[in-house]
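Q: Please take a close look at one part of this structure and walk me through it step by step. I would like to see how that part connects to what surrounds it.

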Amino acid sequence: MTRRFDFEEWQGIRGGMRAVQAAGLVEAGPSASAIRSAPAGLRPKDDQTIRPRPLHSHRPRGDEEWRAIADGVRALLAERVASGRWVWTGPRRLMILGR
Amino acid sequence: MRTVYQLARDGGIPSVRMGGRWRFRPADIDAWLESQTRGPRAWTPASQPPPAPEGDQLAAFLSSFADPLEKRLAFVGRLTAACQSRGWLPPVIVGGHAVEFYSAGGYATVDIDLISASEPLDEILGSWGFERRGRHWIREDLGLVVEAPSSRLIPGQRDRLTEVRVAGTTAYVLGVEDVIVDRLAACVHWSSDNDCRWAAVLAAAHGADLDLGYLRSRAAEMDVKTQLEDVLEKKV
């Protein structure tokens, strides 16, 4: 799913767009719908499986889609904590366990 | 002066020894002074872990991380240790990679933007096999691209960094309030509605932890107060 990183191609895209939003050039974040539809065992431990497209392309999105993205991000954050990998040890202090 | 030279020799103040003389960059001294007067996250080189592994050792270290976000945080943690062991301020993750962190990977980007002086990055990343191309340091085999768009934080930002402990090192990420304001500023100045939307996503995801007073004050400073209130009101 993730193409080999091509710096020249990336630079060309970045020059006009300020970032690296082209689908396929980046390791894409999971889509909210993918998060919702993925079997529980795949969330988000095996998140490579649920990374079908980037969330940050510049194409316009409607309110409904942005709400879904916000839900997806909340789910991702919650899952990192629920999995026991991300442990908040105090305000603004995070410990990432394991590898 | 003897105290200053002693601090330099001990790595207690940002400095570089060149041709037998100690050199002190004004911007780094200013930033260091700021760090000395601000709370528990002040710069503490004596307590830092040893320098990062070099070259191939770095690749072996990072290969043990399956998660791309955590891999990059671990990389920055190693870089931070190396910077601090040489007497430099710790780099701070900003920009898209900070958004990626606060969205737990929901937002993805390739490059890692850091607040850091460029000298330590030249020295350290060069020894780790990175190639300097213009403003970027690159190791294509690891998929790592580093850029340092600025060398200093503004007053107050260092107090609100998020400290991330990973694999025995520490990486610092710009505070979520500053990341939200940064997105709002991008939204206004780049006419990029999606950046306002991402600010809203982050505000919704971290709402309970936000320092609203600081957030509003920074938004006023950056002339994005109206956009912030829209974001807080909409609650995506």
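A: Start with a pair of strands in chain B. Strand β6 (residues 136-139) of chain B and β7(B) run antiparallel, joined by 4 bridges. This is a predicted model.

Look at the pairs along these two strands. B:His136 stands opposite B:Glu147 in β7(B). B:Arg139 faces B:Leu144 in β7(B). The two strands make a hairpin, with 4 residues between them. In that turn, B:Gly143 has a positive phi of about 65 degrees.

Now step to the other partner of β6(B). Strand β5 (residues 131-133) of chain B pairs with β6(B) over 3 bridges, in the antiparallel sense. Here B:Arg133 stands opposite B:His136 in β6(B). So B:His136 has B:Arg133 opposite it in one pairing and B:Glu147 opposite it in the other. β5(B) and β6(B) also form a hairpin, with 2 residues between them. B:Gly134 sits in this turn and has a positive phi of about 60 degrees.Next, go back to β7(B), which has a parallel partner too. Strand β4 (residues 111-115) of chain B and strand β7 (residues 144-150) of chain B are joined by 4 bridges and run parallel. One bridge partner to find is B:Val145 in β7(B), which pairs with B:Asp111. As a general point, side chains in a regular strand alternate between the two faces of the sheet.

Where do these strands belong? The domain assignment of chain B gives domain 1 (49-174) and domain 2 (177-234). The contact between them takes 8 residues from domain 1 of chain B and 11 residues from domain 2 of chain B. On the domain 1 side, the touching residues are 5 nonpolar, 2 polar and 1 charged. Taken over C-alpha atoms, the domain centres are 24 Å apart.

The two domains also share a core. The largest nonpolar core has 75 residues, and B:Ile93, B:Ala199 and B:Leu202 touch the most other members. At least three of the core's residues come from each of domain 1 (49-174) and domain 2 (177-234) of chain B. Zoom in on B:Leu202. Leaving aside its neighbours within four places in sequence, B:Leu202 is in contact with B:Val99, B:Tyr102, B:Ser103, B:Val176, B:Val179 and B:Ile180.

Some of those contacts lead to a helix. Helix α7 (residues 176-189) of chain B has 14 residues. At 1.5 Å a residue, α7(B) should span 20 Å, and its end C-alpha atoms are 20 Å apart, which agrees. Is α7(B) enclosed or open? In this helix 11 of the 14 residues are buried, so α7(B) is largely enclosed by the rest of the structure. Among the buried ones are B:Val176, B:Val179 and B:Ile180, and each of these three is in contact with B:Leu202. The cover over the buried residues of α7(B) includes α5 (95-102), α8 (193-205), α9 (212-221) and α10 (225-234) of chain B. Just after the helix, B:Ser191 takes a positive phi of about 50 degrees.

Finally, glance at the other chain. Chain A has 3 helices and 2 strands. From the N terminus on, its elements run α-α-α-β-β. Of the 99 residues in chain A, 31% are buried.

How values were computed: Residues numbered from 1 in each chain as written. Chains lettered and ligands numbered in written order. Predicted model: local features only at pLDDT ≥ 70, side-chain atom pairs only at ≥ 80, totals over all residues. Core = buried A, V, L, I, M, F, W, Y, C linked by C-beta atoms within 7 Å. Buried ≥ 20, exposed ≤ 12 C-beta atoms within 10 Å, placed from the backbone. Domains from an automatic or database assignment. Contact = placed C-beta atoms within 7 Å. Expected span 1.5 Å × (residues − 1). Nonpolar A, V, L, I, M, F, W, Y, C, P; charged D, E, K, R; others polar. Pairing = 2+ DSSP bridges.
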